[in-house]
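Please take a look at the sequence and the structure shown here before reading on.

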2 protein chains.
Amino acid sequence: MTTIHDVAEAAGVSIATVSRVLSKSNYPVSDETRQRIIRAAKDLGYSVNRAAQSLRTERSMMIAVILDNFSSMFAPTIIRGLQAVLHHSGYFCLVVNLPWEIHSQAKVVQDLLGHSVDGFIFVETWHPVSESKAMLSGKPYAIVHRLFHQPDVNSVIPDEIYNATLAVNHLIQMGHQRIGYISGPSEFFSSHDRLKAYEQAMAAAGLALDKKIISGGDWHIPSGYRAAQRILEARKLPSAIVVANDQMAFGAIRAIQEKGLRVPEDIAVVGYDDDEVAKVCTPTITTVSLPLFKMGQVAAGNLLNQLTKAAAPEAETHIKSELIIRQSCGAAAGQHVLATDYVRPDGQA
Amino acid sequence: MTTIHDVAEAAGVSIATVSRVLSKSNYPVSDETRQRIIRAAKDLGYSVNRAAQSLRTERSMMIAVILDNFSSMFAPTIIRGLQAVLHHSGYFCLVVNLPWEIHSQAKVVQDLLGHSVDGFIFVETWHPVSESKAMLSGKPYAIVHRLFHQPDVNSVIPDEIYNATLAVNHLIQMGHQRIGYISGPSEFFSSHDRLKAYEQAMAAAGLALDKKIISGGDWHIPSGYRAAQRILEARKLPSAIVVANDQMAFGAIRAIQEKGLRVPEDIAVVGYDDDEVAKVCTPTITTVSLPLFKMGQVAAGNLLNQLTKAAAPEAETHIKSELIIRQSCGAAAGQHVLATDYVRPDGQA
DNA sequence: ATGAATATAGAAAACGTTTACTGTAGATTT
DNA sequence: AAATCTACAGTAAACGTTTTCTATATTCAT
């Protein structure tokens with residue numbers, strides 16, 4: 001590997017000057033020598049030895065991206081968003097899966113600090129960052145897609161209220177008056193906010209809530225199936241159901257269909273997440289997409305601000321997304337589409 | 001951060017001894033001092049400064065995991081497999097997305113070398129490693145889920161022939177005689193091998209091939225739909241169709257159902273990949289799983305062997321997987337299951 | 001013409017390791 | 001009893017940067 005010494009010799013200058021030209025863009029060096037050095041560096045295929053660089057500067061240009069066993073299928077898209085902006089600023093991502101035991105978690109973080117990573121991004125982890133902030137030894141960090149209700153722990157999350165309102169209002173605008181709801185497990189902030197948005201949107205439209213057509217599940221298909229069965233026992237059936245995620249919406253649609261009713265003609269359904277299943281089932285599910293890529297970008301941006309501008313971390317950042325109209329809501333009924341032609345704004349699949 | 005000097009002082013020895021105890025496990029150091037040093041290191045929360053370490057040793061304990069824009073939804077599982085074994089051996093993964101332009105690709109690799117990564121793992125990339133081996137400056141590498149037909153480029157891929165034969169033989173054993181086939185695009189080795197396995201298995205069972213019931217698609221749902229439509233124009237319909245992936249199988253099932261035929265009663269279908277869609281559509285699709293996690297593990301193992309034992313790279317490693325029996329093949333027909341209860345052997349979802 | 005300010009660039013120290021070399025006991029051989 | 005070996009541990013150099021301090025030549029104001 002060619003070092004700074006080789007470049008210095010080739011350009012006929014001292015290593016100090018080479019270093020200054022190659023790393024400090026604004027140090028006063030005559031234009032002629034500058035060009036000569038850049039030329040030589042290029043010719044020799046020089047690239048800086050990061051080990052030496054970070055030993056000296058105590059910065060590694062590496063960000064630890066931390067996942068755990070609860071990180072979902074959403075994580076890859078979030079990571080792409082992170083990388084898109086981090087790479088652009090010259091940072092690499094050290095991606096690690098946090099082990100189960102809190103004890104070994106500390107060890108992993110310790111190890112990462114040994115690698116002198118410049119910051120941490122926690123992707124969908126339940127790791128109690130706030131309590132172990134000392135562990136991070138003052139390095140900045142960001143949390144994506146998980147919310148802790150400590151005041152000084154910053155998170156980038158979907159704007160659940162805004163996004164959920166999109167879905168409910170869409171049904172209301174289509175003329176639905178009796179709209180049911182299937183929520184997620186209560187320990188998730190997303191469950192809470194989505195339900196709240198439903199209640200608020202209904203109230204804003206002057207529509208009544210009816211506990212008979214409000215139920216809950218655990219995010220998974222069978223629980224959506226069962227929740228819908230419970231709702232279908234109501235004397236007065238809803239004309240539409242908002243479901244807190246697509247998996248449960250899928251289960252709910254099955255239950256409705258097994259009851260001999262049609263979706264969306266008899267009961268319209270709207271889901272959340274833009275899950276793979278929503279694109280391929282029959283009918284395809286109208287759903288609220290998650291702004292995953294954007295969330296990654298924003299979290300990385302947050303971290304970069306802390307890193308370069310010594311900016312204070314944002315407390316919470318809420319990202320808006322959009323409603324993807326498919327068949328299950330009735331707006332596109334009769335239009336048989338095999339695969340969705342919807343393309344995410346970020347260009348991802 | 002506490003350094004080796006702090007530990008040395010606390011233990012009352014020189015830094016050389018500390019280094020020897022902490023990194024060279026077999027260097028002769030009296031048991032008493034050894035314990036004292038380990039104790040001190042622990043008490044002070046010492047962890048080695050990787051920058052200094054890799055500057056000195058020219059090893060970084062980091063492996064570059066390289067993706068590109070063609071990396072599929074399979075990549076995350078492969079990466080988990082990689083990490084499972086790499087982390088276990090003390091390596092971290094620098095995960096990067098290769099940019100489009102070959103020019104900037106070289107730059108990224110150059111940068112990674114600057115970080116003195118110890119090896120490269122290419123995950124589903126089309127990067128022509130063989131041609132640019134010089135670029136990697138002699139570092140070992142492994143390729144996962146992509147096959148290049150150069151003699152000295154090693155790849156870890158599914159054992160397509162074995163796995164595909166599982167599917168075809170299953171149908172044959174169930175008594176099917178007239179079995180159609182929908183293949184993937186010919187530029188993929190997997191398309192080629194899966195088709196070959198079909199032909200061989202049919203021949204081995206003494207069954208004839210009929211071009212009328214063999215068609216092809218581009219991996220995506222609509223192409224499977226159209227391929228099935230073509231097959232359904234045959235005068236003598238097949239009693240079963242093997243489809244080269246689940247997305248196309250899903251499309252094919254739609255086409256069959258729209259024709260008024262039932263799956264699996266009239267035409268059985270078997271797919272590939274254990275795609276998410278195979279678990280949730282109606283009927284659920286019997287499919288050949290991809291040994292993604294295992295492939296990651298094996299590739300990482302290969303690399304580690306090259307790294308630690310200076311072993312020669314394996315040329316090609318073929319990983320066997322298994323057939324997941326669901327509804328679409330008829331073996332479990334009538335058993336209405338909402339979600340599959342199949343659990344991957346690697347414990348992943 | 002003198003002194004001060006400026007522009008440019010070199011010398012050398014420092015970052016925290018690893019390791020080749022050296023040193024010193026005590027044990028073993030002759 | 002001298003010579004050699006062994007087990008253990010310390011000294012110091014080196015890895016490739018960045019950066020402080022210093023030095024020189026040039027420019028500028030007086």
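The questions and answers below deal with a sheet, a DNA surface and the relation of two chains.

Visitor: What numbering and what confidence limits apply here?
Guide: Residues are numbered from 1 along each chain as its sequence is written, while chains are lettered from A and ligands numbered from 1 in the order in which they are written. This is a predicted model, in which totals for chains, interfaces and linings use all residues, side-chain atom pairs count only at pLDDT 80 or more, and local features need pLDDT of at least 70.

Visitor: Which are the edge strands of the open sheet of 6 strands in chain A?
Guide: Strands are DSSP runs (E, at least two residues) numbered from the N terminus, and two of them pair if DSSP finds at least two bridges between them. The order is β7-β6-β8-β9-β10-β12, with mixed pairing. Pairing on one side only marks the edge strands of chain A, β7 (214-216) and β12 (323-324).

Visitor: Which element gives the most to the surface near DNA strand C?
Guide: A residue is near the strand if its C-beta atom, placed from the backbone, lies within 6 Å of it; by class, this surface has 13 nonpolar, 10 polar and 4 charged residues. With 6 residues, the element that gives the most is α2(B).

Visitor: What relation links chain B to chain A?
Guide: Chain B can be laid on chain A with an RMSD of 0.0 Å by a turn of 180 degrees and a shift of 0.0 Å along the axis, superposed by least squares on the C-alpha atoms of residues with pLDDT of at least 70 in both. That is the relation of a two-fold axis.

How values were computed: Helices (H or I, at least four residues) and strands (E, at least two) are DSSP runs, numbered from the N terminus. Ala, Val, Leu, Ile, Met, Phe, Trp, Tyr, Cys and Pro count as nonpolar, Asp, Glu, Lys and Arg as charged, and the others, Gly among them, as polar.
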